[in-house]
Amino acid sequence: MSVERIVRIVAGSFVLISLALGVEASPVFVHSGFLWFTAFVGFNLLQSGFTRFCPMEIIFKKLGVRCPAQARA
């Protein structure tokens, strides 16, 4: 699995979990402050689309997850 795909899966999971924890109508509501985390993840996805800089991608590469180009080599 590529780094880009893992980043998308993790980011989507973070958004869904933080929405569940931050929206008062949710049965697992904790605090509305979790919505700031949702905004943070969304902002990082937006800026990485323009700049190609993604902190999570850097972390996964340092952990040894291979890029598709590295997997072929």
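**Note on a predicted four-helix chain**

1. The buried residues of helix α2 pack against α1 and α3. Those buried residues are Thr38, Val41, Asn44, Gln47 and Ser48. The model discussed here is a predicted one. A residue is called buried when its relative accessible area is under 20%, and a contact is a pair of heavy atoms within 4.5 Å.

2. Next, the overall plan. The chain has four helices and zero strands, and reading along the sequence gives the pattern α-α-α-α. Three of these helices come up repeatedly below, with α1 covering residues 3-22, α2 covering residues 34-51 and α3 covering residues 55-62.

3. How does the radius of gyration of the chain stand against that of a compact globule of 73 residues? The globule would have a value near 11 Å, but the chain has 15 Å. Taken along the principal axes, the C-alpha atoms fill a box of roughly 50 × 25 × 15 Å. Of the 73 residues, 25% count as buried.

4. Contacts between distant parts of the sequence deserve a separate point. Among the contacts in the chain with a separation of 6 or more, 47% join residues that are 24 or more positions apart. One pair far apart in sequence is Phe60 and Val3, with their positions 57 residues apart along the chain and 6.8 Å between their C-alpha atoms.

5. Phe60 sits in helix α3. Its relative accessible area is 17%, under the 20% limit, so Phe60 is buried. Leaving out residues up to four places away in sequence, Phe60 touches Val3, Ile6, Val7, Val10 and Val65.

6. Glu57 also belongs to helix α3. Is Glu57 buried or exposed? With a relative accessible area of 18%, Glu57 falls under 20% and therefore counts as buried. Apart from residues up to four places away in sequence, Glu57 touches Val3, Glu4 and Val7. Glu57 is also one of the residues that line the largest pocket.

7. The length of helix α2 can be checked with simple arithmetic. Its 18 residues, at 1.5 Å a residue, should span 26 Å. The product is taken with one less than the number of residues. The end C-alpha atoms of α2 are 26 Å apart, so the model agrees with the expected span. Within this part of the chain, the C-alpha atoms of Gly49 and Phe37 are 18 Å apart, with 12 residues of separation in sequence.

8. Gly49 lies in helix α2. A residue counts as exposed when its relative accessible area is over 50%; Gly49 has 61%, so Gly49 is exposed. Gly49 is included in the lining of the largest pocket.

9. Where is Arg52 placed? Arg52 is in the loop between α2 and α3, just after α2. Arg52 is not a glycine, although it has a positive phi of about 60 degrees. Its relative accessible area is 75%, over 50%, so Arg52 is exposed. Among the residues lining the largest pocket, Arg52 appears as well.

10. The largest pocket holds about 280 Å³ of space. Its lining consists of Glu4, Val7, Arg8, Leu45, Ser48, Gly49, Arg52, Phe53, Cys54 and Glu57. Helices α1 and α2 each supply at least two residues of this lining. By type, the lining residues divide into four nonpolar, two polar and four charged.

11. The second largest pocket has a volume of about 200 Å³. Three elements, α1, α2 and α3, give two or more residues to its lining. Which of these gives the most? Helix α2 does, with five residues. The lining is made up of Val7, Ala11, Phe14, Phe37, Phe40, Val41, Asn44, Leu45, Cys54, Pro55, Met56 and Ile59.

12. How do the residues lining the second largest pocket divide by type? The count is 11 nonpolar, one polar and no charged. For the largest pocket, the count includes four charged residues. Val7, Leu45 and Cys54 are listed for the largest pocket, and Val7, Leu45 and Cys54 are listed for the second largest pocket too. Val7 is also touched by Glu57 and by Phe60.

Technical notes: Residues are numbered from 1 along each chain as its sequence is written. This is a predicted model: local features need pLDDT of at least 70, side-chain atom pairs count only at pLDDT 80 or more; totals for chains, interfaces and linings use all residues. Side-chain values use heavy atoms; hydrogens and water are left out. On a 1 Å grid over the protein atoms alone, a cavity is a set of points where a 1.4 Å probe fits but cannot get out, and a pocket is an open set with protein on both sides within 12 Å along at least five of seven lines; lining residues have an atom within 4 Å of a point. Grid points are joined across faces, edges and corners, and a volume is the space filled by probe spheres set on the points. Ala, Val, Leu, Ile, Met, Phe, Trp, Tyr, Cys and Pro count as nonpolar, Asp, Glu, Lys and Arg as charged, and the others, Gly among them, as polar. Buried means under 20% relative accessible area, exposed over 50%, partly exposed in between (1.4 Å probe, protein chains only). The radius of gyration is taken over C-alpha atoms; the globule rule is 2.2 Å times the number of residues to the power 0.38.
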